[in-house]
Amino acid sequence: MSLPGQVIPLTGMAVTPRRSGFRRLLAATTFAFLSAGCDGEIFGGGTTSTTPGPGPSAPPSVTGGPGPTTTPPQPQPEVLAQVLTSGIRRLTAAEFTLSVRNAAGVTLTGADQVLIDGVGNPFENASANKAPSATLVAGLLDLAETAAAQPPPALSCTLSTTARDPACERTSISAVARRLLRRTATAAEVQELLALGSNARSAREAYGLALEALLVHPETVYRLEVGAGAVAGDFALTGEEVASRLSFLFTGAGPSDALLDAAERGELATSDGVLAQARVLLASAEAQNQALRYHAQLLSYGHLPFEASLAASARRETDALVLSAVKDQAPLRSLLTASTTVLDPAMATLYGADVAADGSGPTYRYRNPLRAGILGHASVLSNGKKGDDTSPTQRGIFVLKRLLCEEIGAPPPGVDPDKVPAGITAQSCKTERYRAHASGSCAGCHARVDGIGFGLENFDTSGRYRTAEAANPACTITGDGTIPPGTTFRGPKGLGAFIAEDPRYGACMATQLVRFATGRAALDENDRLLASNVGHHLSKDFTWNELLLGLVASPAFLRGHTP
């Protein structure tokens, strides 16, 4: 396999007018790399580090600016042994599209049809979803050729469309290579890229050929973390690798030139240096957009099962709540307890009497005493359905796994969850049906999850309030919910208030962020140790900024591990 600093040879092939030979060359070199054992995470996970990594003599202050501030105490020795297991992770479609736009100024369409992310658990960047294939390479080549045909952005020089300009070609290609590869390209690599345009008729064409090659370069499509060399065990990341970790986590795209400059000056070699750059990123619009993407994946409302216009309206409502909490640095648990919401006419009509306008703007207050917070949004209530109706079991599982990080096992072997229990008919109410299912070997799990789902039953899969089952109006819905071992609640408001006070919530948010940062749903021992430490130091009213900064303040953020 190829590693950073090694040149993937691209010269020696004359470029035909239709570039068929050029495409064959790029396909061969790219697929050869991706076939060298890359299954989404070449170095794998699940191996525990035993070699302590360097840590600061005094822990850095973690603060997101105005708002709550925490200063973690000196980490315990076992905390200093934390590392994040490294390897190779393919970019998501969104990460690739954003990175290419920022680096080359071109807009990709259809990347989600090539870089297929699959179903996240809960995040789309899960490396297990991203095995390479010849189809992937062919799709990348098509994307690259289309992108390279677009006019280049404003550069430090103008690329002629009628004549060659070696100086401008070198400057432009070096600049875009740095952004796409997320490190400064070596002189040999730049020369290889320049050689691809040896038969080009203009500087613009030469640049386009180099860009096309860069867009399918493995270091553009994949994130590599190998430190200064491919050695087994714990290692310090290079400054550029830290910059990539930081930028993808905070903005969802590769690092800017300014962040790469900081890396090359050695400013990302310490936790204090990383925190300084992290605070700069947090102030950007890109970081706010990344927060929206993160929460949409965490609570599975990125792709809603509504018609397009209603889906867009529902997404805007939830985005407005998340963005308000992020920008105002409000406690993250306020997402669960918010008493107002921002609605457009379509959503106001959907919620009907549940809401009332709060003045002349788009802000509405809840009138329904059962509805509050993000759990009362149509976007989130769309989760946990079975067929055309809600499933108390699936809703309960969703809440426990996403917000409290409780693991729920699969049904016992030989159990058919869709089998209608004896004595149940079409006229049976849902409470009867689920009570019949929750027996024998199934009783334990159903006792944990069903009560949570039944507490949300007054709201259908589109978020509308209801008092009876649609298929059986004789069955009244009480909306009474239970959380083991014996807490009762009613509606999203009661459930949100409980979770906001549950100590598992902060610990779970730390765990989910580590899952997102590592691209692994199943965390190894290193990751779990890090998540535990981050969660332990969160204040009760922790903000989004505090959560992010708590992660990057860890010495683990500067280190990697390979078996």
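**Helix packing, aromatic pairs and local backbone features**

Threonine 393 lies in helix H17, which spans residues 392-403. In this predicted model, threonine 393 counts as buried, at 12% relative accessibility. Leaving aside neighbours within four places in sequence, threonine 393 is in contact with Tyr434, His446, Val449 and Asp450.

One of these contacts, Tyr434, also takes part in an aromatic pair. The ring centres of tyrosine 434 and phenylalanine 454 are 5.6 Å apart and the planes meet at 85°, so the pair is edge-to-face; the angle is over the 60 degrees required for that class. Tyrosine 434 belongs to helix H18 (residues 430-437) and phenylalanine 454 to helix H19 (residues 443-454), so the pair ties together parts that are 20 residues apart in sequence. Both tyrosine 434 and phenylalanine 454 are buried.

Aromatic pairs were then considered across the model. The count comes to seven aromatic pairs. Among them is the pair of tyrosine 294 and tryptophan 544, which is tilted, with a centre-to-centre distance of 5.0 Å and 45° between the planes. Tyrosine 294 is located in helix H12 and tryptophan 544 in helix H23 (residues 544-552), so this pair ties together parts that are 250 residues apart in sequence. Tyrosine 294 counts as buried, because its relative accessibility of 1% falls under the 20% cut-off. Tryptophan 544 is likewise buried, with a relative accessible area of 6%. These two residues join Phe123 and Phe516 in one aromatic cluster.

Two members of this cluster, Tyr294 and Phe516, also appear in a contact between helices. Helix H12 (residues 285-298) and helix H21 (residues 503-518) pack at an angle of about 105°, and their axes are 12 Å apart. H12 and H21 are therefore roughly perpendicular to each other, as the angle lies within the range of 65 to 115 degrees that defines this class. On the side of H12 the contact is made by Gln290, Tyr294, Gln297 and Leu298, and on the side of H21 by Met509, Gln512, Leu513 and Phe516. By class, the contact of H12 with H21 comprises five nonpolar and three polar residues, with no charged residues.

The segment that follows H12 was examined next. Both serine 300 and phenylalanine 306 are placed in the loop between H12 and helix H13 (308-327). Serine 300 has a positive phi of about 50° although it is not a glycine, and with a relative accessibility of 25% it counts as partly exposed. Phenylalanine 306, in contrast, is buried, with a relative accessible area of 16%. Not counting residues up to four places away in sequence, phenylalanine 306 touches Ala311, Ala314, Ala378, Ser382, Thr461 and Ser462. Of these contacts, alanine 378 is 72 residues from phenylalanine 306 along the chain, and the C-alpha atoms of the two residues are separated by 9.9 Å. Within helix H13 itself is found aspartate 319, which is buried, with a relative accessible area of 16%. Aspartate 319 touches Leu292 and Tyr301, again not counting residues up to four places away in sequence.

A further backbone feature of this kind occurs at arginine 182. Most residues other than glycine have a negative phi, and most peptide bonds are trans. Phi of arginine 182, however, is near 65°, a positive value in a residue other than glycine. Arginine 182 lies in the loop between helix H5 (166-181) and helix H6 (187-196) and counts as buried, at 5% relative accessibility. The peptide bond from proline 484 to proline 485 is cis, with omega near 10°. Proline 485 is placed in the loop between strand S12 (480-483) and strand S13 (487-490).

Arginine side chains were also found over aromatic rings. Arginine 371 lies over the face of tyrosine 351, at 4.1 Å from the ring centre. Arginine 245 is positioned over the face of phenylalanine 557, at 5.9 Å from the ring centre.

Notes:
Residues numbered from 1 in each chain as written. Predicted model: local features only at pLDDT ≥ 70, side-chain atom pairs only at ≥ 80, totals over all residues. Heavy atoms only, no water. Axes fitted to C-alpha atoms, helices over the stretch in contact; angles between N-to-C directions. Helix = DSSP H or I, 4+ residues; strand = E, 2+ residues; numbered from the N terminus. Parallel < 35°, antiparallel > 145°, perpendicular 65-115°, else oblique. Contact = heavy atoms within 4.5 Å. Nonpolar A, V, L, I, M, F, W, Y, C, P; charged D, E, K, R; others polar. Phe/Tyr/Trp six-rings, centres within 6.5 Å; stacked < 30°, edge-to-face > 60°. Buried < 20%, exposed > 50% of the residue type's maximum accessible area, 1.4 Å probe, protein only. Lys NZ or Arg CZ within 6 Å of the ring centre and 35° of its normal.
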